[in-house]
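Reader: I should be grateful for a close look at a single part of this molecule, set out as one connected account.

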Amino acid sequence: MIIVIKDQKNEKQIESLKNWIKGLGLDVHMSRGENSLIMGLIGDTSKVDIDLIRSLDIVESVQRIQEPYKNANRKFHPEDSIIDVGGHKFGGGHFQIIAGPCSVESREQVIEVAKAVKAAGATILRGGAFKPRTSPYSFQGLGLEGLEYLKEARKETGMPICTEIMSERHIDAFLDIDIIQVGARNMQNFELLKRLGKVDKPILLKRGLANTIEEWLMSAEYIMSEGNMNVILCERGIRTFEPYTRNTLDLSAIPILKEKTHLPVIVDPSHASGLSRLVRPMSLAAVGAGADGLIIEVHNDPSKALCDGAQSLKPEQFKEVVDNIDVMLPIVGKKRDKQERV
Ligand code: PEP
Ligand code: MN
């Protein structure tokens, strides 16, 4: 971290800032030019309150040289992390497709969709049991009953399951879920993140609706700093001024994340666009941008879906997307587990 001092003559305050920094266990390197004074902080600056330093009268500007995230940082872990979910790997050239309904609506529905997405080539089943809805009057999900149906679908198809947790209160019910999803609205629920850091399960961490890449990585850091290194990031679109799509898919986040972190990155083209006809082009664009996987909403009858029907694909449309992805993957040097296709 570099601090540029505005008021070089105020020796007393400079000295007291220097002592305060030293008190944090850091070394300070002073570099005095003709018209400037620069303090270089040496050591682990992740605990330094940059805004506090910035607010001091003698300070002109402060710049971080090192990112504030350590565990997620590629600098300290140059190889891609590979996250194994029941034998299906994310990262390091491995690509996975997670698919299923937005929400679990009934035992029959989730099992039917599970079989259909498996037949089309998906390797992991998604389905929300606890749904974060904007309106309290909308369908809220089947809750614990929904989790049971998902587990039945897992048993029927052999597919690992991915579902969203909304509260720390439910943690015990999620301990045998294969991928625990943290939704966009909970990306900065720090108590939940810390609790998930103590769980021995992969976490799918979605990007918040209006969060920067750095804030997102800091949320991953919350999980990792508690010991759980199995974090998969999911870009699901951010809120912009554009109303033609539900969100704006930030594809540039993928190559940026690939530079900044070793964690796998997947894309959710369904929530990003909100429109089923955009799912195919956005999926292919995500593959081209370097994603390690996709999570796609598929419903047996989208027109009757209790949640997100407009963005859900029919199984036959989903199969077409998978076929297209399979053509692209060798071009980007990635491999996908092959399900036995029906
Ligand atoms: C979901 O995956 O069902 C969901 C609610 O996604 P997001 O948190 O990205 O809105
Ligand atoms: Mn949804």
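**The metal site and the strands beyond it**

Author: Glu297 counts as buried, because its relative accessibility is 1% and the cut-off for burial is under 20%. The model is a predicted one, and in it Glu297 serves through OE as one of the protein donors of the manganese ion (ligand 2). The other donors are Cys102 through SG, His271 through NE2 and Asp308 through OD, and the donors lie 2.0 to 2.4 Å from the ion. Along the chain, they follow the spacing C-x168-H-x25-E-x10-D. Cys102 and Glu297 thereby link distant parts of the chain, as 195 residues separate them. Cys102 sits in the loop between strand E7 (94-100) and helix H3 (107-120), whereas Glu297 belongs to strand E14 (residues 293-297). Cys102 is likewise buried, because its relative accessible area is 2%, below the limit of 20%.

The setting of this site is a chain of 342 residues, of which 52% count as buried. The chain holds ten helices and 15 strands. Among its contacts with a separation of 6 or more, 67% join residues 24 or more positions apart.

Burial is also found in strand E11 (residues 203-206), where Ile203 and Leu205 point one way, Leu204 and Lys206 point the other way, and all are buried. In a regular strand, side chains alternate between the two faces of the sheet. E11 pairs in the parallel sense with strand E10 (residues 179-182) over three bridges, and Ile180 stands opposite Ile203. From E10 the chain passes through helix H5 (residues 190-196) to E11 in a right-handed β-α-β crossover. E11 also pairs with strand E12 (residues 231-235), again in the parallel sense, over four bridges, with Leu204 opposite Ile232. The path from E11 to E12 runs through helix H6 (residues 213-224), and this β-α-β crossover too is right-handed.

The largest nonpolar core has 65 residues, and Leu196 and Leu205 are among those with the most contacts inside it, as are Val117, Leu125, Leu233, Phe318 and Ile325. Beyond its neighbours within four places in sequence, Leu196 is in contact with Ile165, Ile171, Ile180, Val182, Ile203, Ile223 and Asn228. Apart from this core lies another, of 17 residues, including Ile3, Ile5, Ile50 and Val62. In soluble globular proteins, nonpolar side chains tend to be buried together.

How values were computed
Residues are numbered from 1 along each chain as its sequence is written. Chains are lettered from A and ligands numbered from 1 in the order in which they are written. This is a predicted model: local features need pLDDT of at least 70, side-chain atom pairs count only at pLDDT 80 or more; totals for chains, interfaces and linings use all residues. Side-chain values use heavy atoms; hydrogens and water are left out. A nonpolar core is a set of buried Ala, Val, Leu, Ile, Met, Phe, Trp, Tyr and Cys residues joined through side-chain atoms within 4.5 Å. Buried means under 20% relative accessible area, exposed over 50%, partly exposed in between (1.4 Å probe, protein chains only). Contact means heavy atoms within 4.5 Å. Donors are N, O and S atoms within 2.8 Å of the metal (3.2 Å for Na, K and Ca); water is not among the atoms, so sites may look incomplete. Helices (H or I, at least four residues) and strands (E, at least two) are DSSP runs, numbered from the N terminus. Two strands pair if DSSP finds at least two bridges between them. A crossover is right-handed if, with the strands pointing away from the viewer, the path from the first strand over the helix to the second runs clockwise.
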